[in-house]
Amino acid sequence: MASKLTTSNAAGWAFALPGFGLICLFIVVPFFLAFALSLTNQRLISPNPTEYVGFANYKSLLSLAVITLEPERDEDGEIVRDEDGTPEYPRVRTITRNPDFPEYRGMREWFRWHSGDNARVVVASDVVFMKALVNTLTFALVIAPGQGGLALLLALLINQRLRGINIFRTIYFMPVVVSIVVVSLLWRFIYDGNDGLLNNLLSGLTFGLFEPIDWLGRTDTALGSIIAMSIWQAVGFHMVIWLAGLQTISPTLYEVAQIEGASKWQTFRYVTWPGLRNTAVLVLIVITMQAFALFAQIDVMTNGGPLDSTQTLVFQAVERGYGKQDISGGSTISVVLFLIVLTISLVQRYLTRERS
Amino acid sequence: MADVSLSQVRKSFGSAEVIKGVDIDISDGEFVVFVGPSGCGKSTLLRMIAGLEDITSGTLEIDGRVVNDVQPKDRGIAMVFQTYAIFPHMSVRENVAFGLTIAGVSRDEKERKVNEAARILQMEHLLDRRPSQLSGGQRQRVAIGRAIVRDPAVFLFDEPLSNLDAALRMDMRMEIGKLHNQLGATMIYVTHDQVEAMTLADKIVVLRDGVVQQIGAPMELYHKPANLFVAGFIGSPSMNFMDVEVLEAAGDGVTVKAPALDPVKLHVDEQTYAAHSKAKLGLRPQYLSVPDDASKGTLHGTVALVERLGTETVVNVELTRGGRIVAALSEDKPLDIGSEIALDFDPAKAHLFAEP
């Protein structure tokens with residue numbers, strides 16, 4: 001059936017055109033372009049013509065293998081050990097560069113573990129990508145419950161009628177309105193290893209016992225520092241969403257709980273939390289999306305370092321596409337990221353669905 | 001089972017006093033209705049009995065115990081709200097059992113009490129449904145069920161039928177009446193609907209601006225209203241008032257006259273009127289009749305408006321000598337607008353109120 005929309009609404013379409021055109025140009029076209037480019041060897045600037053390479057980019061990005069290394073033995077068949085008594089193993093490159101094992105060519109060690117005397121080495125063709133993947137997942141896994149929970153706690157605190165409660169609402173929300181780049185720069189000073197605010201604060205609180213730490217310069221603290229700062233920055237935003245959800249719960253339900261003598265925890269468990277179902281789904285999905293898009297903090301604070309300990313997928317995609325001018329590589333990461341986020345969203349929606 | 005007694009109970013919100021010294025004695029098993037116009041404080045008073053609002057001053061006793069500072073759950077009350085206040089995420093069974101869940105009652109005990117309540121309210125077939133699958137009347141039944149399982153000494157109803165349509169309201173009204181007979185518990189019921197008040201109550205408390213106007217049995221209020229407010233509030237259509245002048249006051253009789261009314265002698269219980277003072281004459285529309293002989297009758301006028309309801313005819317009469325009066329004639333009487341009409345009344349059924 002021909003509707004009025006499709007037959008005689010030229011003016012309407014004309015009005016929609018600018019917005020629609022921009023959406024196409026900057027969202028729809030790049031989205032499909034990323035898929036297309038990930039199947040080629042396109043570079044940002046290159047004299048060579050672009051070629052279709054199939055799934056080669058995905059292969060070089062995602063290839064993983066486990067190699068079992070047996071310890072070195074001397075003539076008697078005894079295991080060679082170093083001064084600490086740990087067995088010595090042949091170097092991984094004896095395999096990855098061995099023409100007898102073409103399937104491991106170009107791979108590098110990602111991590112290893114020991115089973116018995118043997119060492120099992122996980123090799124990946126793109127170790128940096130793997131680290132970025134793990135970091136991004138860690139970031140999302142910590143930040144989703146951390147930020148969501150803290151935001152809910154703050155929302156519960158400010159959802160009270162107290163004198164001056166708006167001051168607290170403002171304070172908690174303030175970091176949200178500041179640009180993430182500015183926030184990142186400020187936190188670089190806070191985390192500074194020599195004379196940073198955090199180190200000063202900690203040594204002040206412990207009367208000088210605390211040894212200053214270069215928070216962003218150590219592989220074991222860098223990602224944690226960025227997580228803490230990211231939670232602080234966006235917690236106010238999610239607090240407001242929780243607050244909106246809290247205010248949709250009928251006050252009479254709380255009165256029922258009060259008459260029945262429910263404790264604070266029971267009230268939360270039976271009244272507040274079930275009333276926040278839909279809000280919880282929204283907050284969880286939004287936080288997860290934002291977590292996977294982690295870029296600005298990394299770019300400003302650590303550049304992925306030290307030793308790739310703060311690499312993330314988006315940072316790698318940008319780094320590869322524009323830093324290394326490898327557009328097809330960057331596109332491939334983007335597509336992988338898209339698939340991961342899509343899967344997680346679908347799983348979250350399934351797990352938090354309305355059961356009837 | 002318990003009696004409830006309020007003495008000099010007051011409530012202030014900031015500087016605004018909404019309950020101004022209320023004394024009410026409710027005996028065990030009585031059905032008491034608080035009635036009054038919006039904002040008269042009847043709901044606030046009920047919430048104070050429930051423990052949802054603090055008592056600013058005065059004492060509230062339930063079962064001989066002062067409960068001003070006792071938690072709602074320890075007062076032996078259960079409350080049913082206008083908005084039902086049932087939990088959308090719980091089944092009917094879980095809703096009814098809510099108080100037991102909070103109290104940590106065993107599964108068997110819970111099952112037994114819920115089934116008992118469901119049997120009383122004839123809603124066994126609804127137990128596994130969700131609130132969204134229920135009609136308004138059924139939801140209110142669930143809310144009443146939740147009150148029953150608490151086995152309270154005092155039931156509190158806060159306008160429980162106001163969100164229901166007229167037909168359902170009548171059904172539920174009868175149900176609540178039946179429930180009272182069956183359980184024999186003390187019930188306090190707030191409504192602005194005088195039909196509910198008249199039909200359900202053993203005792204009605206009429207409130208206005210936080211002050212008790214009159215306490216008494218429904219028919220006592222109807223036949224012997226203590227003041228102008230009660231007289232005007234109870235009865236539908238409401239009582240006609242006419243400014244009259246007292247001509248003579250002697251013994252138990254008072255002769256009054258008004259521009260529209262020839263002198264008429266009324267009986268009073270207590271002689272408090274002085275000759276030539278002002279007073280108000282109250283005439284219930286139902287007690288006005290059309291005399292057989294149109295030249296007789298004490299009031300004369302023209303018909304301004306006719307509402308034929310089948311069982312009665314409500315006539316709005318423009319009196320010839322000034323003023324208006326409403327008559328509810330007890331049969332279906334076709335009257336032409338603008339036609340002459342004479343009305344008569346039995347002086348024994350007229351009310352006289354001193355000018356305030």
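The following paragraphs describe the contact between chains A and B, the domain assignment of chain A, and strand pairing in chain B, all in a predicted model.

The contact between the two chains draws 14 residues from chain A and 21 residues from chain B. The size of an interface is often given as the accessible area lost when the parts come together. By this criterion, chain A and chain B bury about 1,700 Å² between them, and carbon and sulfur atoms account for 68% of that area. On the chain A side, 41% of the area buried against chain B is supplied by A:Ile259, A:Glu260 and A:Tyr270, which is more than any other three residues contribute.

With respect to polar interactions, 2 salt bridges are counted between chain A and chain B, and one of them links A:Glu255 with B:Arg47, where the closest N and O atoms lie 2.6 Å apart. In addition, 5 residue pairs are in polar contact between the two chains, with both residues of each pair at pLDDT 80 or more. On the side of chain A that touches chain B, the elements giving two or more residues are α10 (251-259) and α11 (264-275) of chain A, and α10(A) gives the most, with 7 residues. By residue class, this side of chain A comprises 8 nonpolar, 4 polar and 2 charged residues.

Beyond the interface, the domain assignment divides chain A into domain 1 (64-124) and domain 2 (128-351). The centres of domain 1 of chain A and domain 2 of chain A, taken over C-alpha atoms, are separated by 39 Å.

In chain B, an open sheet of 4 strands is arranged in the order β2-β1-β4-β5, with antiparallel pairing. Because β2 (16-26) and β5 (65-66) of chain B stand at the edges and each has a single partner strand, one side of each is left without a neighbour in the sheet. Within this arrangement, strand β1 (residues 4-13) of chain B pairs in the antiparallel sense with strand β4 (residues 57-62) of chain B over 5 bridges, and B:Ser5 is found opposite B:Glu61 in β4(B).

Further along chain B, strand β16 (residues 299-308) is joined by 7 bridges to strand β17 (residues 313-319), the two running antiparallel, and B:Val303 has B:Val317 of β17(B) as its bridge partner. The hairpin of β16(B) and β17(B) has 4 residues between the strands, and in this hairpin B:Gly310 adopts a positive phi near 90 degrees. Strand β16 of chain B also pairs in the antiparallel sense with strand β19 (residues 340-345) of chain B, over 4 bridges, with B:Thr302 standing opposite B:Glu340 in β19(B).

Key: Residues numbered from 1 in each chain as written. Chains lettered and ligands numbered in written order. Predicted model: local features only at pLDDT ≥ 70, side-chain atom pairs only at ≥ 80, totals over all residues. Heavy atoms only, no water. Contact = heavy atoms within 4.5 Å. Buried area = accessible area lost by both parts, 1.4 Å probe. Salt bridge = Lys/Arg side-chain N within 4 Å of Asp/Glu carboxyl O. Polar contact = N/O pair within 3.5 Å; in protein donor to acceptor, adjacent residues only side chain to side chain. Nonpolar A, V, L, I, M, F, W, Y, C, P; charged D, E, K, R; others polar. Domains from an automatic or database assignment. Pairing = 2+ DSSP bridges.
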